[in-house]
Amino acid sequence: MLRFWSKYNHSIWSGILLMIRMIAGFGTQKVVAIFYGPAGTTLISHFQNFVALFTQPIQDAVANGLINAFPKKSFQKTQVVGASIIIITLLVTSCGLILLVSTQFKQSYFSFSLENWLLIIPSILLFCFGLIVSAIYVIQKRLKLYSFIILMQWIVFFFSVFYIDLALNHFLISWLSIQSVFSIILIIPIHSLLKFNFKIEKKVKNHFKQFLIMALTIWLSSKWVDYYVREFAIQEFGIIQTGLWQSVVRISEAYRGLAISFLFLSLYPMLSQKLANNKLDKSDLKKHFLLYFLVTVAFLLFVFQFNEFILKALYDLQYAEASNLFKIQIIGDVFAFLAFPFSVYLIASVKTKTYLITELVSALIFVTLIVMKTDIGIEILVYAHIIRFILFFLMVSSLGIKSISNVR
């Protein structure tokens with residue numbers, strides 16, 4: 001038992017961390033539904049999307065780039081941290097200016113006062129900086145300590161909700177600001193690893209440039225594609241049918257997101273380190289993929305079997321109508337899960353162009369099928385999902401296997 005724990009310690013703590021985040025996310029939605037009703041659910045979803053517009057490109061460009069760069073002996077760690085800080089500042093500023101010019105998130109929409117915004121803006125910056133700190137914990141394999149701090153963060157948050165009577169706007173600010181404060185607390189145990197130098201060598205700039213391009217591609221192929229498809233579905237199939245489909249999509253995105261997060265916490269740093277040291281073990285990769293495949297199939301079979309119960313438990317009885325859509329969606333999710341390890345490998349090996357092409361082609365196919373085949377009905381949305389991820393899996397697996405076979 002001790003040998004098993006020692007061998008899989010990092011993966012186990014990765015799972016514990018993801019479980020904490022999942023419970024916290026579900027708990028937050030439940031609290032909002034109980035205290036603030038449907039209007040509160042809508043508003044927190046919009047607010048979380050607003051924050052994600054800043055954090056997603058930083059997670060994909062900076063945090064992943066940092067994890068990949070840290071094991072490389074040719075890079076000075078102080079320059080890597082310095083480059084990360086510069087990119088975060090530029091991305092946060094750029095995103096803020098884009099949103100300000102587009103007026104997509106008006107001050108009146110959230111009814112935030114000027115004083116609220118003066119707290120929200122630095123909180124977002126701290127939250128984004130916390131992504132660098134989180135990446136250091138992953139690199140150093142200190143997920144036990146990291147999980148404990150994150151657990152304390154959510155305990156403080158939920159205690160503040162239950163013992164302080166918060167207006168909805170203050171609840172949203174509390175959700176963000178408490179996470180920002182804990183970003184500072186996370187710095188204390190690893191502050192010695194956060195020394196930085198703003199004189200960045202060209203090779204370090206080029207390294208982060210590739211991750212930045214990948215991050216922006218993901219931003220376009222996920223956030224913006226999802227937004228367009230959702231708007232298109234509302235116009236074509238109506239708000240009720242689209243709402244049923246969205247209930248399925250949100251569950252699907254939740255467990256796919258957990259799988260990706262787990263792979264980036266466990267597989268990604270391992271691949272980055274072994275590729276940097278030319279110590280990639282192909283037979284070990286096959287064992288990991290086989291285990292991942294078996295767990296994936298078992299999990300999705302469980303979801304398939306109890307899909308109607310899951311819909312009722314997470315939403316309401318009327319959402320059982322989405323059961324058939326959910327079953328079809330799960331077929332596409334199988335291929336999505338199988339594709340993830342290969343896409344993580346392409347990112348870890350910095351196959352920028354390859355990754356960009358697979359992401360953009362799969363997104364283009366998804367949108368094209370939906371637009372061209374609306375006569376099929378709402379089911380086209382899940383059929384397109386299946387075709388998208390079958391093709392995505394075939395592309396990344398063939399390219400990934402070819403790349404791995406060339407590794408000595």
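Modeller: Let's fix one word before anything else: a residue is buried if its relative accessible area is under 20%. Keep in mind, too, that this is a predicted model. Now take helix 10, residues 267-276.

Biologist: Fine. Which residues are buried in helix 10?

Modeller: L267, Y268, P269, M270, L271 and S272 are. Just after helix 10 comes N278, with a positive phi near 55 degrees.

Biologist: And zooming out, how many helices and strands does the protein have?

Modeller: There are 15 helices and zero strands. Of the 408 residues, 49% count as buried.

Biologist: What share of the contacts comes from residues 24 or more positions apart?

Modeller: Taking contacts with a separation of 6 or more, 83% of them join residues 24 or more positions apart. Q79 gives you an example to look at. Q79 sits in helix 3, residues 77-102, and Q79 and V204 are 125 residues apart in sequence yet 7.4 Å apart in space, C-alpha to C-alpha.

Biologist: Is Q79 buried or exposed?

Modeller: Q79 is buried, since its relative accessible area is 4%. Beyond residues up to four places away in sequence, Q79 touches N197, K199, I200, E201 and V204.

Biologist: Let's talk about the core. Which residues touch the most other members of the largest nonpolar core?

Modeller: Here's the general idea: in soluble globular proteins, nonpolar side chains tend to be buried together. In this model the largest nonpolar core has 129 residues, and F47, I120, F171, W245, F326 and L381 touch the most other members. Helix 2, residues 9-69, gives the most to this core, with 19 residues.

Biologist: Could we follow one of those? What is F326 in contact with, leaving aside its neighbours within four places in sequence?

Modeller: F326 contacts V248, I251, Y255, V303, N307, I310 and L311.

Biologist: How do I read a helix pair? At what angle do the axes of helix 11 and helix 13 cross?

Modeller: Angles over 145 degrees count as roughly antiparallel. The axes of helix 11 (residues 282-305) and helix 13 (residues 323-348) cross at roughly 165 degrees and come within 10 Å, so helix 11 is roughly antiparallel to helix 13. Their crossing is right-handed. Helix 11 brings residues including F289, Y292, F293 and T296 to the contact, and helix 13 brings F326, K327 and D333, among others. By class, that contact has 14 nonpolar, one polar and two charged residues.

Biologist: Where do helix 6 and helix 7 fit in, and how far apart are their axes?

Modeller: Their axes are 10 Å apart, and helix 6 packs with helix 7 (residues 168-190) at about 150 degrees. Helix 6 is therefore roughly antiparallel to helix 7, and passes it in a right-handed crossing. Among the contact residues are I149, Q153, W154 and F157 of helix 6, along with F171, W175, I178 and F182 of helix 7. This contact has 16 nonpolar, four polar and no charged residues.

Biologist: Some of those helix 6 positions are four places apart. Why should I care about such spacing?

Modeller: An α-helix has 3.6 residues a turn, so residues three or four places apart point the same way.

Biologist: Last pair: at what angle do helix 5 and helix 6 cross?

Modeller: Roughly 140 degrees, and the axes of helix 5 (residues 114-139) and helix 6 (residues 143-163) come within 8 Å. S134, Y137 and V138 of helix 5 meet L143, L145, Y146 and I149 of helix 6. These contact residues divide into six nonpolar, one polar and no charged.

Terms used. Residues are numbered from 1 along each chain as its sequence is written. This is a predicted model: local features need pLDDT of at least 70, side-chain atom pairs count only at pLDDT 80 or more; totals for chains, interfaces and linings use all residues. Side-chain values use heavy atoms; hydrogens and water are left out. Axes are lines fitted to C-alpha atoms, for helices over the stretch in contact, and angles run from 0 to 180 degrees between N-to-C directions. Helices (H or I, at least four residues) and strands (E, at least two) are DSSP runs, numbered from the N terminus. Angles under 35 degrees count as roughly parallel, over 145 as roughly antiparallel, 65 to 115 as roughly perpendicular and the rest as oblique. A crossing is left-handed if the near helix is turned anticlockwise from the far one by less than a right angle, and right-handed if clockwise. Contact means heavy atoms within 4.5 Å. Ala, Val, Leu, Ile, Met, Phe, Trp, Tyr, Cys and Pro count as nonpolar, Asp, Glu, Lys and Arg as charged, and the others, Gly among them, as polar. Buried means under 20% relative accessible area, exposed over 50%, partly exposed in between (1.4 Å probe, protein chains only). A nonpolar core is a set of buried Ala, Val, Leu, Ile, Met, Phe, Trp, Tyr and Cys residues joined through side-chain atoms within 4.5 Å.
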